[in-house]
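Subject: The structure we spoke about, with notes

Hello,

Here is the structure I promised to pass on to you. Please open it beside this message, and then read through the notes that follow.

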Amino acid sequence: MIKHLLSAADLDADTATLILDTAGEMAALAEREVKKLPTLRGRTVVNLFYEDSTRTRISFEAAAKRLSADVINFSAKGSSVSKGESLKDTALTLQAMGADAVVIRHPASGAPDRLSSWVDGSVINAGDGTHEHPTQALLDAYTMRSRLGKLDGLNVAIVGDVLHSRVARSNVLLLTTLGAKVTLVGPPTLIPLSPGAAVSYDLDSVLPGADVVMMLRVQTERMQDSYFPSAREYSRRYGLDAARMRRLPEHAIVMHPGPMNRGMEIAPEVADSKRSTIVEQVANGVSARMAVLYLLLGGKA
Amino acid sequence: MTSSYVIRGASILGASPADLFVSDGVLVDSAPSNAEVVEADGLVALPGLVDLHTHLREPGREDAETVETGSRAAAMGGYTAVCAMANTSPVADTAGVVEQVWRLGREAGLVDVQPIGAVTVGLAGKQLAELGAMAASAASVRIFSDDGSCVADPRLMRRALEYVKAFDGIIAQHAEEPRLTEGAQMHEGEVSTRLGLTGWPAVAEEAIIARDVLLAEHVGSRLHVCHVSTAGSVEVLRQAKARGVRVTAEVTPHHLLLTDELAASYDPVFKVNPPLRTAKDVEALRAALIEGVIDIVATDHAPHAVEDKECEWAYARPGMVGLETALPVVLSVLGEQWDLIADRMSRTPARIAGLSSHGLSLRPGEPANLTLVDPAARRVVDPSGLTSKSRNTPYAGTTLPGRIVATFLRGEPTVLDGKAQK
Amino acid sequence: MASPHAQKTARTVLSAADIQRVVDRMAHQILEKTSGATGTVLLGIPTRGVPLAHRLAGRIHAFEDIDVPVGSLDITLYRDDLRLHATRALGKTEIPGSGIDGRRVILIDDVLFSGRTVRAALDAINDVGRPSSVQLAVLVDRGHRQLPIRADYVGKNIPTALDESVRVSLAETDDGVDEVKLTGGPR
């Protein structure tokens with residue numbers, strides 16, 4: 001088993017499949033009355049969050065607690081840049097506390113990689129800058145597999161601000177590893193150079209062939225940087241509304257990593273439709289993170 | 001205190017071994033009496049190297065480097081003269097600061113320290129600094145640069161180019177269109193996409209160089225382009241030179257050897273501005289240096305304290321130390337083309353900087369500024385073994401050819417047997 | 001698990017026919033001790049406890065035309081020795097739709113050794129529901145208990161040395177081979 005989960009690229013097809021299968025077992029356990037498992041008793045998991053992300057932190061916290069790990073929440077927002085303790089000093093503190101795993105969310109790409117060179121425990125990337133968010137990709141893949149029965153051969157459209165999206169990066173890597181075909185859709189200004197997947201600037205032409213449409217959150221601040229002219233124009237060209245949703249094949253699903261801008265990239269009636277997996281994604285997030293914690297920490301260190 | 005030396009059996013620029021005689025700071029044609037003998041069997045003698053681009057950090061960041069420690073590192077690297085960049089704190093934008101740096105250099109006495117003056121007040125890119133006062137100061141500043149920042153305003157750049165003509169000055173431009181590099185962390189390309197680091201596009205450099213060569217041509221001034229890093233910049237320079245524009249350009253050792261793939265470690269020791277580029281760029285830069293489209297190698301020696309590098313990539317300061325590894329890196333890239341190396345690392349930089357006692361032939365009558373290199377030696381770079389006060393070398397663990405055995409500044413050894421003499 | 005043990009001394013302690021007879025006997029014993037298997041659920045412990053549970057249920061059906069619910073109970077997440085080994089993949093847990101509350105659960109495993117697996121299984125059952133009683137059926141009891149645990153139904157007692165290992169192969173999981181072998185130990 002791998003020691004750290006820093007990037008979806010750390011996962012080969014076998015490992016990724018093992019995590020998804022394990023997540024499936026975890027999900028089944030989550031339906032029981034007693035949700036707690038003794039598996040990680042005596043292990044310490046630190047949630048080291050340099051950015052506010054209540055949903056991701058709670059998801060990891062629930063996952064660790066269901067496996068009986070001791071959870072320490074270390075909110076370091078705003079304390080890392082120039083003022084306050086450096087990441088390295090924080091790492092040494094966590095090391096002294098005997099953290100078996102550190103779940104890190106950080107605004108700087110690559111911070112989890114740096115951290116992994118300073119601590120002995122496992123490091124799990126819970127989102128770093130505009131780099132990656134591998135557990136989000138795992139929960140997304142798990143959701144697709146649960147709804148559609150497979151990943152191999154699926155056509156997945158990832159729509160929106162791909163340039164700044166760690167979710168998109170991790171999904172491209174993981175889905176490609178698992179045999180899905182990814183198409184990135186958005187205005188050319190928001191698609192990076194050499195994106196590692198097919199690209200389209202025309203959402204309407206992609207929808208009829210898509211099994212999965214994953215809408216990314218688009219921050220309105222991007223408008224100020226001239227990535228697109230206005231929220232209205234963005235929404236018209238790349239927003240998923242009811243009319244566009246009807247272009248999708250019968251079985252296709254609509255995903256969103258949250259938090260959503262209703263009315264911007266996704267219309268309310270789409271977000272609340274039967275195709276939408278948005279609520280499932282949250283539940284699956286706990287199962288996927290339990291699987292990751294178990295597989296990283298459940299064996300001999 | 002003046003001594004005499006016989007440097008026995010040195011191979012000048014790789015020619016057959018001969019003795020060099022040093023007396024009263026100059027090379028002489030016969031052995032002086034009471035001369036100390038320096039055995040130079042198997043060593044190559046080069047004119048003392050000249051660095052057109054050094055950050056000595058004093059005043060302001062004496063924890064990272066001082067004029068003295070930087071001078072010592074330079075001597076250990078075979079240098080006899082360095083040009084000290086202006087982005088100190090306070091900025092070297094007045095006669096007072098450049099004279100302070102110049103005096104500190106004289107006191108250290110390890111290399112000639114030639115201060116570079118800022119083009120604009122506080123490097124802010126708004127208002128011309130007192131260029132004439134710096135030129136007329138004891139430091140006799142001739143090169144002006146806002147290095148670290150680009151003189152982005154085209155009108156200001158034009159005025160600066162024009163203004164320094166009065167005292168045969170030269171503007172050394174850090175070519176980086178700031179609007180295209182906001183938040184930039186590394187070369188924009190496949191690797192930056194993968195790593196999720198904001199890209200620094202090659203065009204941000206090329207666009208400024210293209211603009212500046214046209215400005216320099218228009219006003220008939222001298223332009224020097226700092227740390228050229230892209231294949232596209234080479235093409236712009238090639239065309240400008242073919243038209244007769246008075247432009248010179250430098251490339252750093254690291255841009256001749258390293259690529260953006262190294263950023264994959266997220267270790268900020270590989271973070272530098274301009275960023276490491278692709279293998280294709282490295283190839284073009286090497287060819288341009290050999291061809292002469294790029295005139296010189298300059299180190300962009302940029303020492304940084306540990307806390308500015310042992311952190312997240314985005315928060316780290318850009319820059320690498322380079323004085324002590326420059327010649328070995330160039331040797332590994334060019335091979336033992338000694339005349340070419342002397343030209344690109346001593347003669348031409350001395351000429352661009354107007355340092356008339358450096359970069360000269362090792363002939364009787366000339367100042368004895370020279371360095372002795374053992375080309376057969378191989379050295380594994382160990383950051384803790386560096387003379388510089390800082391350790392941020394990208395070559396840790398790399399084996400590089402060549403060892404600087406001795407350096408003489410005006411006839412006095414600053415380095416002997418690979419050890420600094422003061 | 002299915003690797004060949006040819007290089008070590010290996011002897012067959014139960015053949016395919018023996019296993020069949022032993023399972024038949026165990027099925028009869030279960031029917032006898034549970035008054036016709038009423039209110040009983042069989043839970044196999046993966047990997048080989050699961051096919052064994054299905055075989056027992058099949059024999060019970062054949063003998064008395066009674067359908068006993070069968071499920072599986074993975075105990076990996078309850079093991080006390082996780083830190084001693086590389087991470088293990090999880091097995092399946094499938095509790096029959098009728099549940100286990102108020103029922104008699106019979107845990108089925110292939111080999112009873114230290115008793116730690118059974119201890120973990122008891123913990124796992126506790127999290128699934130509240131059975132009226134729990135019994136244990138094993139194909140082989142090889143001794144060397146480390147916990148106060150005993151089986152209610154034993155296919156065969158096989159005295160072993162600690163450095164020997166018991167290898168159970170069942171057709172469903174081991175390429176169609178049915179046998180129990182004893183390997184290792186003094187030559």
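In which sense, parallel or antiparallel, do strand 1 (residues 4-12) of chain B and strand 5 of chain B pair, and over how many bridges? Before the answer, please keep in mind that this is a predicted model. The two strands pair in the parallel sense, over two bridges, and within this pairing Ser11(B) stands opposite Val44(B) of strand 5.

Strand 5 of chain B has a second partner to look at, since strand 16 (residues 370-380) of chain B pairs with strand 5 in the antiparallel sense over four bridges. Here Ala45(B) is the residue to find, standing opposite Leu372(B) of strand 16.

It also helps to ask what lies on the two faces of strand 5 of chain B, which runs over residues 44-47. In a regular strand, side chains point alternately to one face of the sheet and to the other. In strand 5 of chain B, Val44(B) and Leu46(B) are on one side while Ala45(B) and Pro47(B) are on the other, and as these four are all buried, both faces are covered. If we leave out residues up to four places away in sequence, Ala45(B) touches Ile7(B), Ala10(B), Ser11(B), Ile12(B), Leu20(B), Ala40(B), Leu362(B), Leu370(B) and Leu372(B).

Ala45(B) comes up again in the largest nonpolar core, which has 286 residues, and it is one of those that touch the most other members, together with Val102(A), Ile158(A), Val212(A), Val213(A), Leu293(A) and Phe144(B). The element that gives the most to this core is helix 11 of chain A, with ten residues. Because domain 1 (8-132 + 282-298) and domain 2 (134-277) of chain A both give residues to this core, it lies between them. As background, nonpolar side chains in soluble globular proteins tend to be buried together.

That brings us to the two domains of chain A, namely domain 1 (8-132 + 282-298) and domain 2 (134-277). Their centres, taken over C-alpha atoms, are separated by 25 Å, and the contact takes 24 residues from domain 1 of chain A and 18 residues from domain 2 of chain A. On the domain 1 side, the elements that give two or more residues are helix 1, strand 4 (122-128) and helix 11 (278-297) of chain A, and the largest share, six residues, comes from helix 11 of chain A. By class, this side of domain 1 of chain A divides into twelve nonpolar, seven polar and five charged residues.

One residue of chain A is worth following by itself: where is Leu163(A) placed along the chain? Leu163(A) sits in the loop between strand 5 (155-159) and helix 6 of chain A. Although Leu163(A) is in a loop, it is buried, because 24 other C-beta atoms lie within 10 Å, and the cut-off for calling a residue buried is 20 or more. Apart from its neighbours within four places in sequence, Leu163(A) is in contact with Leu190(A), Ile191(A) and Pro192(A).

Chain A also meets both of the other chains that I describe here. Where it meets chain B, 20 residues of chain A are in contact with 15 residues of chain B. Helix 3 (87-96), helix 4 (111-116) and helix 6 (166-177) of chain A each give two or more residues to this side, and helix 4 of chain A gives the most, with three residues. By class, the side of chain A that touches chain B has seven nonpolar, seven polar and six charged residues. Where chain A meets chain C, 14 residues of chain A are in contact with 14 residues of chain C, and helix 1 (residues 13-30) of chain A provides the largest share of the chain A side, four residues.

Finally, chain C has three helices and eight strands, which follow the pattern β-α-β-α-β-β-α-β-β-β-β when read along the sequence. A compact globule of 187 residues would have a radius of gyration near 16 Å, and chain C, with 16 Å, agrees with this. Of its 187 residues, 38% count as buried, and among the contacts in chain C with a separation of 6 or more, 69% come from residues 24 or more positions apart.

With best wishes

How values were computed. Residues numbered from 1 in each chain as written. Chains lettered and ligands numbered in written order. Predicted model: local features only at pLDDT ≥ 70, side-chain atom pairs only at ≥ 80, totals over all residues. Buried ≥ 20, exposed ≤ 12 C-beta atoms within 10 Å, placed from the backbone. Pairing = 2+ DSSP bridges. Contact = placed C-beta atoms within 7 Å. Rg over C-alpha atoms; globule rule 2.2 N^0.38 Å. Nonpolar A, V, L, I, M, F, W, Y, C, P; charged D, E, K, R; others polar. Domains from an automatic or database assignment. Core = buried A, V, L, I, M, F, W, Y, C linked by C-beta atoms within 7 Å.
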